[in-house]
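Hi everyone, thanks for coming. I'd like to walk you through a structure that is new to most of us, so please have a look at it first.

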Amino acid sequence: MTDLDESWWVRVLAGPGGDLHAATADERYVALPRSSDPRVVVDSSSRLAVRDAVERFVASRTENSMLRMVAGRGAPLVAKTKSVWSVTPSASNDTLRAHLSEVLGEHVRLAVAVGPPRPNRKPVVRCYNETELIAVAKLGPDPHTASMVSNESHWLRTLESEPLAGVSTPRLLHAGEFGDSNLLVMSAMDLKSDLGLAFADVPLSVVRELCERHRSGPLGESSWWSALLDRLDRPELAAIAEQARSTQVDPRFDQLETSAWHGDWSPWNMGTSTSGDLYVWDWERTTIGVPVGFDLLHLHYQYGAGLDAADDDLRSLDVPDIQHELVKRLYLFEVCARHADADALHGDRHVRAVEALERLQSPGPVT
């Protein structure tokens with residue numbers, strides 16, 4: 001998984017060959033929660049960007065609205081702290097801020113956030129003019145996240161021309177490159193809250209429509225399936241790869257219906273706009289050719305009570321009970337492949353997935 005050392009931040013903010021320690025520069029950034037471990041790096045010249053960054057940082061750690069409000073009032077003090085970096089580009093490149101200002105056609109200030117270590121960790125950039133948030137950008141600075149950024153660009157185009165019923169998605173404003181990173185820029189969303197939906201409010205109807213719209217052929221002919229076997233083909237996953245190959249002789253294998261999934265169907269990737277519309281975002285893992293029900297398994301495994309809690313939802317998508325165990329195993333193979341893609345095979349998440357696979361082959365609940 002990418003090590004977020006200073007050279008990584010050089011590539012993100014200044015571009016290859018740029019400088020984060022210029023003696024004079026009009027781009028100055030502060031870091032939250034501290035300079036030794038930046039999770040959010042924000043342009044100190046924008047009070048709006050700083051206040052929003054502080055509030056969002058606090059909100060990511062607590063749902064207490066009072067704490068969030070108090071943090072927002074303290075944002076001006078953050079803007080006055082000593083800048084972590086003074087950013088200038090190399091002679092042949094723009095800084096990220098200059099590049100995004102050109103893409104968006106107006107001068108912007110930035111707040112760049114990165115999540116905790118996980119397979120899809122990447123810079124997410126909020127772009128502000130003088131009065132409001134106008135766009136959100138994503139950078140893919142390594143092969144794994146670059147492919148995710150490109151995939152999301154594709155799906156945002158697709159969903160803009162063929163929207164799902166009752167669902168809004170961000171508009172794709174730009175797809176290209178910055179330095180050696182893939183870049184997408186999308187419209188900001190006018191959300192009531194950036195805390196997502198309650199687990200119970202995650203809509204099944206959207207999963208159903210996505211499945212109905214992208215019905216595909218037998219699993220054995222799926223490009224996802226052949227790619228999955230390739231992704232699992234590494235020494236550390238030899239036992240899991242063998243389990244995956246053995247499923248092809250299971251009589252249920254060719255009976256599985258295949259379709260599309262969002263790829264990270266979670267309460268945090270959806271919300272309600274101020275006008276009452278449902279927004280769904282983060283389409284970077286969307287794939288066609290997976291067994292029906294993967295989104296629901298992901299929801300229950302990652303954010304709910306575990307895979308066994310997904311059975312009723314699988315039935316609502318007409319997945320026969322006899323297929324549930326096999327679909328769960330296939331989903332966990334995908335989870336293991338994601339860990340391999342991101343060189344994250346030694347973390348707790350991978351251990352949990354391997355243990356869940358083992359429990360599927362023995363009595364007891366699958367969490």
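Let's begin with contacts between residues at least 6 apart in sequence: 68% of them join residues at least 24 apart. Do keep in mind, as we go, that this is a predicted model.

What is the chain built from? The protein has 13 helices and 13 strands. Along the principal axes, its C-alpha atoms fill a box of roughly 70 × 45 × 40 Å. As for the radius of gyration, a compact globule of 367 residues would have a value near 21 Å, and the 22 Å of the protein agrees with that. Of those 367 residues, 52% are buried. On the outside, the protein exposes about 16,400 Å², with carbon and sulfur atoms supplying 50% of that area.

Now to charge. How many positive and negative side chains are there? You'll find 37 positive and 53 negative ones, and the centres of the two sets lie 6 Å apart. Side chains of opposite charge can pair when their charged atoms come close. In this structure there are 28 salt bridges, and I've picked three to show you.

The first on my list joins the side chains of Arg109 and Asp43, at 3.6 Å from N to O. Arg109 sits in strand β4, residues 109-113, and Asp43 in strand β2, residues 40-43, so this pair ties together parts that are 66 residues apart in sequence. Are the partners buried or exposed? Arg109 counts as buried because its relative accessibility is 19%, under the 20% cut-off. Asp43 is buried too, with a relative accessible area of 0%. Both residues also belong to a network of salt bridges that links them with Asp26, Glu27 and Arg97.

Next, please find helix α11, residues 311-316, which holds both Arg315 and Asp312. These two are 3 residues apart, about one turn of the helix, and their side chains meet in a salt bridge of 2.5 Å, N to O. Arg315 is partly exposed, at 38% relative accessibility, while Asp312 is exposed, at 56%.

My last pair is in helix α12, residues 321-341: Glu334 and Arg338, 4 residues apart, again about one turn of the helix. Their side chains form a salt bridge at 2.9 Å, N to O. Here, Glu334 and Arg338 are both buried.

That's my tour, and I'm happy to take your questions.

Conventions:
Residues numbered from 1 in each chain as written. Predicted model: local features only at pLDDT ≥ 70, side-chain atom pairs only at ≥ 80, totals over all residues. Heavy atoms only, no water. Rg over C-alpha atoms; globule rule 2.2 N^0.38 Å. Buried < 20%, exposed > 50% of the residue type's maximum accessible area, 1.4 Å probe, protein only. Contact = heavy atoms within 4.5 Å. Areas by Shrake-Rupley, 256 points an atom, 1.4 Å probe, with all protein chains shown as cover. Lys, Arg positive; Asp, Glu negative; His and termini not counted. Charge placed at Lys NZ, Arg CZ, Asp CG, Glu CD. Salt bridge = Lys/Arg side-chain N within 4 Å of Asp/Glu carboxyl O.
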